[in-house]
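Got the model open in your viewer? Keep the selection box handy and follow along, one stop after another.

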Amino acid sequence: MSRALSSRGSLLDVVRDLSFARELPRVAEIVRKAARRLTKADGVTFILRDQGYCHYYDEEAIGPRWKGRRFPLESCISGWVMHHRKAVAIPDIYADPRIPHDAYRPTFVKSLAVVPVRKDDPIAAIGAYWATHHAATEAEIDVLQSLADAAALAMANVQLYAELQTAIARERSARQAAEESSRLKDEFLAVLSHELRTPLNVIQGWLWQLEQPGTTPGQLQRALEVLSRNTSLQIRLVEDLLDTSRAMAGKIQLNPSPLCITDMCEQVVEQARPAAAAKGIELRIDAGDDPLWIEGDPDRLQQVVANLLTNAIKFTDAGGRVDLTVRPLQDTGVGITVADTGVGINPEFLPFVFDQFRQADASSKRRHGGLGIGLTLVRELVQLHGGSVRAESAGRGRGTTMVAELPGRRELSAARPDREAGAHAAGF
């Protein structure tokens, strides 16, 4: 009677300990230690049901058995117990046909008892083993089954706890993402306000100058030049905003046609030369010897290349170099690479360089102007063409390489008879 009371008290202690377990290894540890202590077994194994296998997850024994190994359910007694949903006690394992005798010969085991964890739909089993012939008593089976029932509850708690932690992590991640998105939008709006206000202030200043008496023809000509340049800047900012908004909403419609991508790139480079020359930057193009054709929207792809070049020139100092290269890809696509010797990109920012509202420096005192949406627009337009774009940089001060890859290269003979036809098709 005293031993029964002692076992009952020990089981209560085990149930209490299991209620605090939050991970499966801890559950298995508590169960195997308690099972061996309460049954006086020479070894205890905690076996998980892993789809069609028995996974010998954890053990405590006088000699090694199969910890960490998996066996088909139908090949071991633990699988039999889980399949039939009932406990088994075998005094002589070599007299029972359900036991794979060859598997047990290298072990110390002579007798065993195994009970299922969660009887209605077993998810595991607890096995007790003896090195001498031992007929497990009804009390020992009851102890093992009580431990199995407690383990089933503990494993359910572990799963619920894991799901709760996952839900908390997701909620925290979503909240952080929302806060980060809000912060980025606030920064973007601040930058937008600055970029729109700057040319407006210039326009307002020169309009005031024109209203003053005694304006000379030279001052008038200068005012017209400044007003035209800043008005064009405002128009470009608004167009970029609208294009990016349309692209993100999937509302940009492409008008594809046969396009000589090499001619188009040469034209865009020529248009960018004045800006590069004004900063003292060498601008080079290598378009290969043969024209490359694709099916694409001439206006949108011109916008892609122009934005890549503008970005490279903006972030390259005087004396630097920007190279544009056009090459065929092995999978019949075309690769356009814009490489510069400019400021480069920090590794931590590189994955976000094409994201909306993201700038490496979004402060109002940043050195380089612009809204930082040009590369977002590049990504969206390239993806609309079925292509991809990526950024590469060895870090700050080590330059940047932008690579746009477009699918569907066409042979010259299959498209247009000469490069002049291609330039005409592109609208140049």
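Start by selecting strand β12, residues 388-392, and show its side chains; bear in mind that this model is predicted. The side chains alternate along the strand: V389 and A391 point to one face and are buried, while S388, R390 and E392 point to the other face and are not buried. Now add strand β13, residues 400-406, which pairs with β12 in the antiparallel sense over five bridges. If you want one pair to zoom in on, take V389 and its bridge partner in β13, A404.

Next, widen the selection to the whole sheet. In what order do its five strands run? The order is β8-β10-β11-β13-β12, in an open sheet with mixed pairing. β8 (282-286) and β12 stand at the edges with a single partner strand each, so one side of each has no neighbour in the sheet. Neighbouring strands here are turned by 10° against each other on average, ignoring direction.

Move over to the β8 edge. β8 and strand β10 (residues 321-328) run parallel and are joined by five bridges. Pick R284 and you'll find D323 of β10 standing opposite. Then bring in helix α7 (residues 261-278): it packs on the sheet, touching β8, β10, β11 (334-340) and β13, and its direction makes about 175° with that of β8.

Time to look inside. Which residues touch the most other members of the largest nonpolar core? Select I261, L309 and L324, out of the 42 residues in that core. At least two core residues come from each of α7, α8 (298-314), β10, β11, α9 (374-384), β12 and β13. Centre on L309 and show its contacts beyond four places in sequence: V268, V269, A272, L283, V322, L324 and V338. Another core, of 34 residues, lies apart from this one, and V14, I30, V31 and A128 are among its members. As a general backdrop, nonpolar side chains in soluble globular proteins tend to be buried together.

Now for a charged residue: jump to R32, in helix α2 (residues 24-39). Is R32 buried or exposed? R32 counts as buried because its relative accessibility is 12%, under the 20% cut-off. Show polar contacts and the R32 side chain links to the side chain of D58 at 2.6 Å and to that of E60 at 2.4 Å. Beyond four places in sequence, R32 touches V44, D58, E59 and E60.

Follow the chain past α2 to K40, in the loop between α2 and β1 (43-50). K40 is exposed, with a relative accessible area of 58%. Check its backbone too: phi of K40 is near 60°, a positive value in a residue other than glycine. Most residues other than glycine have a negative phi.

For a second case, select R118, in the loop between β5 (111-117) and β6. Phi of R118 is near 70°, again positive in a residue that isn't glycine. R118 is partly exposed, at 34% relative accessible area.

Last stop: T132, in the loop between β6 (124-130) and α5 (138-211). What does T132 touch beyond four places in sequence? Look for D42, K110 and S111. T132 counts as exposed because its relative accessibility is 52%, over the 50% cut-off. To finish, draw a distance from the C-alpha of T132 to that of L112: the two residues are 20 apart along the chain, and the atoms are separated by 9.8 Å.

Notes
Residues numbered from 1 in each chain as written. Predicted model: local features only at pLDDT ≥ 70, side-chain atom pairs only at ≥ 80, totals over all residues. Heavy atoms only, no water. Buried < 20%, exposed > 50% of the residue type's maximum accessible area, 1.4 Å probe, protein only. Helix = DSSP H or I, 4+ residues; strand = E, 2+ residues; numbered from the N terminus. Pairing = 2+ DSSP bridges. Polar contact = N/O pair within 3.5 Å; in protein donor to acceptor, adjacent residues only side chain to side chain. Contact = heavy atoms within 4.5 Å. Axes fitted to C-alpha atoms, helices over the stretch in contact; angles between N-to-C directions. Core = buried A, V, L, I, M, F, W, Y, C linked by side-chain atoms within 4.5 Å.
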